[in-house]
Amino acid sequence: MDRVFVRGLVGKTIVGVHDWEQKTPRKVVLNLEFSTDVKAVAASDDIENAVSYSAVSRRLLEFLTTSKTFLVETLAERLADII
């Protein structure tokens, strides 16, 4: 397996246990690392078979803007599920 890195992805979300935290979106910076097998993609040299880092990033940012959690751990698990 190969590692994919996405660093410094910035979004805003509602996260926190206090009332004021649940009212104001806060900046979140994501540094991601996930595994994928790029052997077949590299052999085909076809972009259609590759992981789209921009699509992954867009989906995560979309989720952040609609998400509302109390715990950062819950947010992290939900982001991991998307990946």
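This is a dialogue about reading burial, contacts and salt bridges in a predicted model.

Visitor: Where should I start, and what is in the largest nonpolar core?

Guide: In soluble globular proteins, nonpolar side chains tend to be buried together. Here the largest nonpolar core has 13 residues. Those with the most contacts inside it are Leu9, Leu30, Leu32, Leu60, Leu64, Leu75 and Leu79.

Visitor: Which elements each supply at least two residues of this core?

Guide: Strands S1 and S2 do, together with helix H2 (53–66) and helix H3. The two strands span 2–15 for S1 and 26–36 for S2, and H3 covers 72–82.

Visitor: Take one core residue. Where is Leu75 placed, and is Leu75 buried or exposed?

Guide: Leu75 sits in helix H3. Leu75 counts as buried because its relative accessible area is 4%, and the cut-off for buried is under 20%.

Visitor: What does Leu75 touch, not counting residues up to four places away in sequence?

Guide: With those sequence neighbours set aside, the partners of Leu75 are Thr13, Phe63, Leu64, Ser67 and Thr69. Of these, Leu64 is also listed among the core residues with the most contacts.

Visitor: Ser67 is on that list. Where does Ser67 lie, and is Ser67 buried or exposed?

Guide: Ser67 belongs to the loop between H2 and S3. A relative accessibility of 7% is why Ser67 counts as buried. Apart from neighbours within four places in sequence, Ser67 contacts Thr13, Ile14 and Leu75. Thr13 is also in contact with Leu75.

Visitor: On to charged pairs. How many salt bridges does a search of the whole structure find?

Guide: The search finds three. Each can be read by its distance, its place in the sequence and its accessibility. One of them joins the side chains of Arg3 and Glu33, at 3.3 Å from N to O. Arg3 is in strand S1 and Glu33 in strand S2, so this pair ties together parts that are 30 residues apart in sequence.

Visitor: Are Arg3 and Glu33 buried or exposed?

Guide: Arg3 counts as exposed because its relative accessibility is 60%. Glu33 is partly exposed, as its relative accessible area is 45%.

Visitor: How far apart are Glu33 and Leu75, in sequence and in space?

Guide: They are 42 residues apart in sequence, and their C-alpha atoms are 16 Å apart in space.

Visitor: What separates Glu62 and Arg59 in helix H2?

Guide: They are three residues apart in H2, which means a separation of about one helical turn. Their side chains meet in a salt bridge of 3.5 Å, N to O. Both ends are partly exposed: Glu62 counts as such at 48% relative accessibility, and Arg59 at 36%.

Visitor: Which salt bridge involves Glu21, and is Glu21 buried or exposed?

Guide: The partner is Arg26, whose side chain meets that of Glu21 at 3.0 Å, N to O. This pair also counts as a side-chain polar contact. Glu21 counts as buried because its relative accessibility is 10%. Arg26, at 32%, counts as partly exposed.

Visitor: Where is Glu21 placed, and what else is it in contact with?

Guide: Glu21 is in the loop between strands S1 and S2. Leaving aside neighbours within four places in sequence, Glu21 is in contact with Ile14, Val15 and Gly16 as well as Arg26. Ile14 also appears among the contacts of Ser67.

Visitor: Now the surface. Which residues make the nonpolar surface patch of about 300 Å²?

Guide: The residues are Val17, Phe70 and Leu71. Phe70 is in the loop between strand S3 (68–69) and helix H3. Phe70 counts as exposed because its relative accessibility is 55%, and the cut-off for exposed is over 50%.

Visitor: One backbone item remains. What is the phi of Asp45, and where is Asp45 found?

Guide: Asp45 has a positive phi, about 55 degrees, although Asp45 is not a glycine. Asp45 is found in the loop between helix H1 (39–44) and H2. Its relative accessible area of 71% is why Asp45 is classed as exposed.

Conventions
Residues numbered from 1 in each chain as written. Predicted model: local features only at pLDDT ≥ 70, side-chain atom pairs only at ≥ 80, totals over all residues. Heavy atoms only, no water. Patch = residues over 30% accessible without salt bridge, like charges linked within 9 Å, V, L, I, M, F, W, Y side chains within 5 Å. Areas by Shrake-Rupley, 256 points an atom, 1.4 Å probe, with all protein chains shown as cover. Salt bridge = Lys/Arg side-chain N within 4 Å of Asp/Glu carboxyl O. Helix = DSSP H or I, 4+ residues; strand = E, 2+ residues; numbered from the N terminus. Buried < 20%, exposed > 50% of the residue type's maximum accessible area, 1.4 Å probe, protein only. Polar contact = N/O pair within 3.5 Å; in protein donor to acceptor, adjacent residues only side chain to side chain. Contact = heavy atoms within 4.5 Å. Core = buried A, V, L, I, M, F, W, Y, C linked by side-chain atoms within 4.5 Å.
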